Amino acid sequence: MKMGKRGAAASLLILAMAAPGVVMSQTAAPAATKEMSVLTSDREKVGYAIGIDVASSFEPIASEVDVAALRRAIENAFAGGQPLLSQEEAQQTDQALRTVMMARSGQQVPGMAPGSQPPSVDKEKVGLMLGGYAVGPSLAPIKDEIDLDATFQAITTVFSKGTPLMDRQQAQATLQAFSTAQQSAAAGKNREQGNAFLAKNKTQPGVVTTASGLQYQVIRPGSGERPVETSRVRVNYEGKLLDGTVFDSSYQRGEPVDFGLNQVIKGWTEGVSLMPVGAKYRFWIPSELAYGSSGTPGGPIGPDATLTFDVELLGILQ
């Protein structure tokens, strides 16, 4: 699972895991959680496994987490709402919790006299921070695939040192199977959409399809030298998914990029080799010439995704 969504929660988790020997108090379960003695549906099993994963990550700070607030923040994220805690409050909460955890682990806290007690932490804000900036946004894309009651039963059981309905190895196996199924379904959908798009696109005026299946269109011709597959080039570019989502852009970063043509995806190696310096081309790259069945781990490019790139060849460096 990719739990760390934003900086405050990510740094908090790193700190928490580095603070050994902290004794945790029991955390009460939110009233809305429905107790289960057996996990029957796939949604319950996946939800419970996610709860084990979340609780295992945050167990070192369990005594500082208001679980009801954590759930409220996750449900708000599932509904598409803005975090219930502002960025400024999240940063302040993160800093306060870091101070507490450092003091409890025996570390000297800058600006605090030795032996003095650290300030208390607002547990509700901790729950809202974790739910609104880490767990909620990470789980929102799969909200329909998980039973949130099962998730929170697992969290409260682990936090209270109870006996969960599955151990951590079983939870990891469940999550791995779920991830594999999700990736397989996404790959099938992406292949279907990509094949349909390319079949239609190749009939459009000005679109050329090469023997490999790469498609391109000349947006602006160039008059300079063409690179070879071992050349190092300088380009400006923008990459999009078929739905128009921009996943990478040198234009947005404000500077061109230099790279070797033998160090990039096959579609780029072949496509840029067709361009004279000064040209701008649009490429449609099928998945087998892009990132294939793996996509990019954690996103944004899914498995077997067809990609669109606008590329300007600014120069050949060597």
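Helix H2 is mostly covered, with 14 of its 17 residues buried, where buried means under 20% relative accessible area, exposed over 50% and partly exposed in between, for a 1.4 Å probe and protein chains only. This helix spans residues 42–58 and reaches 24 Å from its first C-alpha to its last, close to the 24 Å expected at 1.5 Å a residue, the expected span being 1.5 Å times one less than the number of residues. Helices (H or I, at least four residues) and strands (E, at least two) are DSSP runs, numbered from the N terminus.

The model is predicted, so that local features need pLDDT of at least 70 and side-chain atom pairs count only at pLDDT 80 or more, while totals for chains, interfaces and linings use all residues. Residues are numbered from 1 along each chain as its sequence is written, and side-chain values use heavy atoms, with hydrogens and water left out.

Taken as a whole, the protein chain has nine helices and seven strands, and 47% of its 318 residues count as buried. Its accessible surface comes to about 15800 Å², of which 50% belongs to carbon and sulfur atoms; such areas come from the Shrake-Rupley method with a 1.4 Å probe, and for residues only the protein chains shown count as cover. Among contacts with a separation of 6 or more, 78% are between residues 24 or more positions apart, a contact being heavy atoms within 4.5 Å.

The strands can be followed from S1 (residues 208–209), which is joined by two bridges to the antiparallel strand S2 (residues 215–220); two strands pair if DSSP finds at least two bridges between them. Val208 has Tyr216 of S2 as its bridge partner, and in the hairpin of S1 and S2, with five residues between the strands, Gly213 takes a positive phi near 105°. S2 is also joined by five bridges to strand S6 (residues 280–285), again in an antiparallel arrangement, and here Tyr216 stands opposite Phe283.

Most residues other than glycine have a negative phi. Lys161, which is not a glycine, nevertheless has a positive phi of about 65°; this residue is found in the loop between helix H6 (148–159) and helix H7 (168–201), and is exposed, with a relative accessible area of 54%. Asp304 has a positive phi of about 60° and is likewise not a glycine, but this residue lies in the loop between S6 and strand S7 (307–316) and counts as buried at 10% relative accessibility.

The aromatic residues give another path through the chain. Rings of Phe, Tyr and Trp (its six-membered ring) pair if their centres lie within 6.5 Å, and planes under 30 degrees apart count as stacked, over 60 as edge-to-face and the rest as tilted; by this rule the count comes to eight aromatic pairs. The rings of Tyr237 and Phe309 have centres 6.5 Å apart and planes at 50°, so this pair is tilted, and it links Tyr237 in strand S3 (residues 232–241) with Phe309 in strand S7, 72 residues apart. Both are buried, Tyr237 with a relative accessible area of 8% and Phe309 with 4%. The rings of Phe259 and Trp268, with centres 5.3 Å apart and planes at 65°, form an edge-to-face pair. These four residues and Phe247 form one aromatic cluster.

Tyr237 also leads to Ser250, which lies in helix H8 (residues 250–253) and counts as buried at 0% relative accessibility. Leaving aside neighbours within four places in sequence, Ser250 is in contact with Val235, Asn236, Tyr237, Glu255, Pro256 and Val257.
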